[in-house]
Structure formats: C-alpha cells, structure tokens
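Here is a short, informal walk through one stretch of a model. Have the sequence and the 3D view open as you read.

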Amino acid sequence: VSSAQVHDTVIRRVGSANAGCGVWNPQEAPGTDGLVTDEPGVVLVTHYADCVPLYFADPEHRCIGLAHAGWRGTVAEMGRKMVEKMQAEFGTRPEALYAAIGPSIGSCCYEVDTPVAEQFSALPDVPEAAILNPQGAGKYRLNLWECNRRILENAGIPANQITVGGVCTMCHSDLLFSHR
C-alpha cells in the first residue's frame, strides 16, 4: 500500500483489503503521509527525496508504521501523531515501540529561512539550540533528525529504542534521491 504525501499528518490504517492501493494510481490514497498495519504481508510504501522517513515497530502487538515527515510534518509533530495513532488502533504502548529515523537531508546541508525557523522555535519540549544553527542573514541550518528524535522521545519512546540513520540525502545523492 502506497501513500500520496501532501506534507501533512494524515495517517491511515491499511490491511490486505488495501493491497495495491496507491501503487498504480497515487490518487487512490490522497492526502496520506503515514500508514499503519498489523497484517503480516502488507508492505507499506512512502516516497522521499530530502524529507524524513520515520519507521515504527511494536513487537508486542505485531504492528508497524511508516511516516513521511518533511519540515511541515516534523513541525506538526508527525512522530507523536504516529505514536498516538498506533495507541488508538492497536493498543501500542509508547515505551514498547522501536523507531528509526531514515535517510534525509542532514543539518550539514539543510538551510531554512527565518519564518520556518520561527515555527521550529515554537515547538514545546524541543530546545531551539538543539535543532537550529544560525548562519546569519536570516538563514539557519535545521537538524530534522534531532528534532524528530526529540519528538519521538517526548511521545514516550525510550531514547535507546530510537535509531537515527544519519545519512544525508544531499551528501549522498549518488545513492539516494535529493531534490537539491
């Protein structure tokens, strides 16, 4: 089952009845940035360039989630919303979840302007100094990995159960697609 990202936080529960949805026709799953399932054999597919893939696994309830978090999804706390969705759908306990932050643009290459930086500065429980590095002239380097990591931890996932891949799509555009 494939999603059709719109840089929002809509999450759908899918199963074998949805197999193939969005794969051949992206409009079959409009406005979906996250997928969850507890059915073995259902493959979750999302698409990325420089945005952050967030992976979730609940071994207790044998369910998984996959989310697309660009800067808009990150600032809207897609990671926390996925934890809440898995709680509601499967009874997932946040402290039992494992999460991974996949390849995306790293803070080494990701520059944002003041309006975007201000949205991240307003996040509760995410210190600005941990995610924004001022570059002068109203520009900042934004660390989406650390921001998402802190959001996941604040949602109840233990720090030792969150893995950050640390692979920048721009630095490694020979291996991974980057819009830059």
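## Ala137 and its loop

Let's start with Ala137, which counts as exposed because its relative accessibility is 83%, past the 50% cut-off for that label. Keep in mind that this is a predicted model. Ala137 sits in the loop that links strand E7 (132-136) to strand E8 (139-142). Its phi is worth a look too: the value is near 55 degrees, so positive, in a residue other than glycine.

The two strands on either side of that loop run antiparallel and are joined by four bridges. Within this pairing, Gly136 stands opposite Lys139 of E8.

## The sheet around it

Zoom out a little and you find an open sheet of three strands, in the order E6-E8-E7, with antiparallel pairing. Strand E6 (111-113) and E7 take the edges; each has a single partner strand, so one side of each has no neighbour in the sheet. On average, neighbouring strands here are turned by 40 degrees against each other, if you ignore direction.

Helix H3 packs on this sheet and touches E6, E7 and E8. The direction of H3 makes about 95 degrees with that of E6. As a general reminder, strands of a sheet pair through backbone hydrogen bonds, in either a parallel or an antiparallel way.

## Asp125, another positive phi

Where else does a residue other than glycine have a positive phi? Asp125 is one such place, with phi near 65 degrees. You'll find Asp125 in the loop between helix H3 (114-121) and helix H4 (128-131). Asp125 counts as exposed, because its relative accessibility is 61%.

## Helix H5, start to finish

Is helix H5 largely enclosed or left open by the rest of the structure? Eight of its 11 residues (the helix covers 144-154) are buried, so H5 is largely enclosed. The buried set is made up of Leu144, Trp145, Glu146, Cys147, Asn148, Arg149, Ile151 and Leu152.

Now for the two ends. Asn143 caps the N-terminal end of H5, with a side-chain oxygen 3.2 Å from the backbone nitrogen of Trp145. Trp145 itself is among the buried residues of the helix. Just after H5 comes Gly156, which takes a positive phi of about 110 degrees.

How values were computed:
Residues numbered from 1 in each chain as written. Predicted model: local features only at pLDDT ≥ 70, side-chain atom pairs only at ≥ 80, totals over all residues. Heavy atoms only, no water. Buried < 20%, exposed > 50% of the residue type's maximum accessible area, 1.4 Å probe, protein only. Pairing = 2+ DSSP bridges. Axes fitted to C-alpha atoms, helices over the stretch in contact; angles between N-to-C directions. Contact = heavy atoms within 4.5 Å. Polar contact = N/O pair within 3.5 Å; in protein donor to acceptor, adjacent residues only side chain to side chain.
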